[in-house]
Amino acid sequence: MGSKLTAENEAAVRARIGYYRDLGIFDFYRRGGPENQIGTETVTEVAVETAIVATDVTYADPVPVPGATPDPETLPPMPSTVAASRRAEAAKTMAPQDKAAALAAIREEIGDCTRCALSRGRHTIVFGDGDPHARLMFVGEGPGADEDAQGLPFVGRAGQLLNNMIGAMGLRRDQVYIANIVKCRPPQNRVPEPEEANTCAPFLFRQIDVIQPEVLVALGSTAATYLLGAKSPLSALRGRIHHARGVKLIVTYHPAYLLRDPRQKKEAWADLQIAMRELGLKASSQQSAASGRQG
Ligand code: SF4
């Protein structure tokens, strides 16, 4: 006789199934066995994962399930982790020009994108900017007016502050990579809707898989939410190391927030120092900050 799942585990599995369905995956295998029983249903996550890998679905990435807050620590691995780690392994042996080509291929696939509603108000798609071999990658929320006009991330006032933050770390902007959760400007700079972010973020995840930075820095709550696949208050996420796409992830304030509340700059600097420790950087040493992968 198989033992039934607890109500909590059942809810978690149902949330996961909802997550798969949100991704457009509706075919589930059935497998006998007590460990997978949910009432009268059985679900084989492994089979689902295998099916995803077999078809190389690259869009299956951690995104929040509406109405649920999955805990990555307790839920089974996201189905994309196998495909992602496969891409990451391939990326490790890529020559610099191959990484640039792989990023260009993602950009080409995005094309003149109309996959979500943000396409209607944008001027330019803001793909990302920086060194394809960067050891450090920043992820923000979405383009603002300046970014939309120029087609580059973080070029307005918040971008100036980010440049200063990067400089304080002993790096130049061209030594890091910068991108956003969504590539088109949300109207009035509002927070992207989940449907918009879930549609666009997989392109970002693929950029991360190609670049394979040693450290990711999530700038603000939206970036943290979609990179971690769960929503938590920023205060609960700051000050420690998380993992996303197999990469160490630090969470800090968005530079636009720091412009509104400069008192928090000290806190943001403390977060960046965690990233610096992980990268072996010293603030005063400009040259030691250069990408170790650059020839
Ligand atoms: S935000 Fe992303 S998914 Fe939406 S239209 Fe722009 S590029 Fe496409």
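In this predicted model, the shell of residues around the ligand splits into 8 nonpolar, 3 polar and 3 charged members. Altogether, 14 residues surround the ligand. Cys113, Cys116, Ser119, Cys184 and Cys200 are the closest of them. As for where the shell comes from, its largest share is supplied by helix H7, residues 194-211, which puts in 3 residues.

Next comes the sheet. Six strands build it, or 6 in the order E3-E5-E4-E6-E8-E7, and the sheet is open with mixed pairing. The two edge places go to strand E3 (129-130) and strand E7 (242-244). Each of these has just a single partner strand, so one side of each is left without a neighbour in the sheet.

For E3, 2 bridges make the link to strand E5 (residues 177-180), and the two strands run antiparallel. Picking out one residue, Asp129 has Ile178 in E5 as its bridge partner. A helix also packs on this sheet: H8, residues 221-228, touches strand E4 (136-140), strand E6 (215-219), E7 and strand E8 (247-252). The direction of H8 makes about 130 degrees with that of E6.

Back in the sheet, E5 also pairs with E4, this time in the parallel sense and over 4 bridges. Here Ile178 turns up again, as the bridge partner of Phe138. So much for the pairing; the side chains of E5 can be followed too. Tyr177 and Ala179 point one way from the strand, while Ile178 and Asn180 point the other way. Whichever way they point, all of these residues are buried.

One more residue rounds out the picture. Ala275 sits in helix H11, which covers residues 265-279. Is Ala275 buried or exposed? Ala275 has 22 C-beta neighbours inside 10 Å, and a residue counts as buried if 20 or more other C-beta atoms lie within that distance of its own, so Ala275 is buried. Leaving aside residues up to four places away in sequence, Ala275 touches Leu136, Val215, Val217 and Ile250. Strand E4 spans 136-140, E6 spans 215-219 and E8 spans 247-252, which is handy for placing these contacts. Ala275 can also be set beside Met169: the two are 106 residues apart in sequence, yet their C-alpha atoms are 9.1 Å apart in space.

Definitions and conventions: Residues are numbered from 1 along each chain as its sequence is written. This is a predicted model: local features need pLDDT of at least 70, side-chain atom pairs count only at pLDDT 80 or more; totals for chains, interfaces and linings use all residues. A residue is near a molecule or strand if its C-beta atom, placed from the backbone, lies within 6 Å of it. Ala, Val, Leu, Ile, Met, Phe, Trp, Tyr, Cys and Pro count as nonpolar, Asp, Glu, Lys and Arg as charged, and the others, Gly among them, as polar. A residue is buried if 20 or more other C-beta atoms lie within 10 Å of its own, exposed if 12 or fewer, and partly exposed in between; C-beta atoms are placed from the backbone. Two residues are in contact if their C-beta atoms, placed from the backbone, lie within 7 Å. Two strands pair if DSSP finds at least two bridges between them. Axes are lines fitted to C-alpha atoms, for helices over the stretch in contact, and angles run from 0 to 180 degrees between N-to-C directions.
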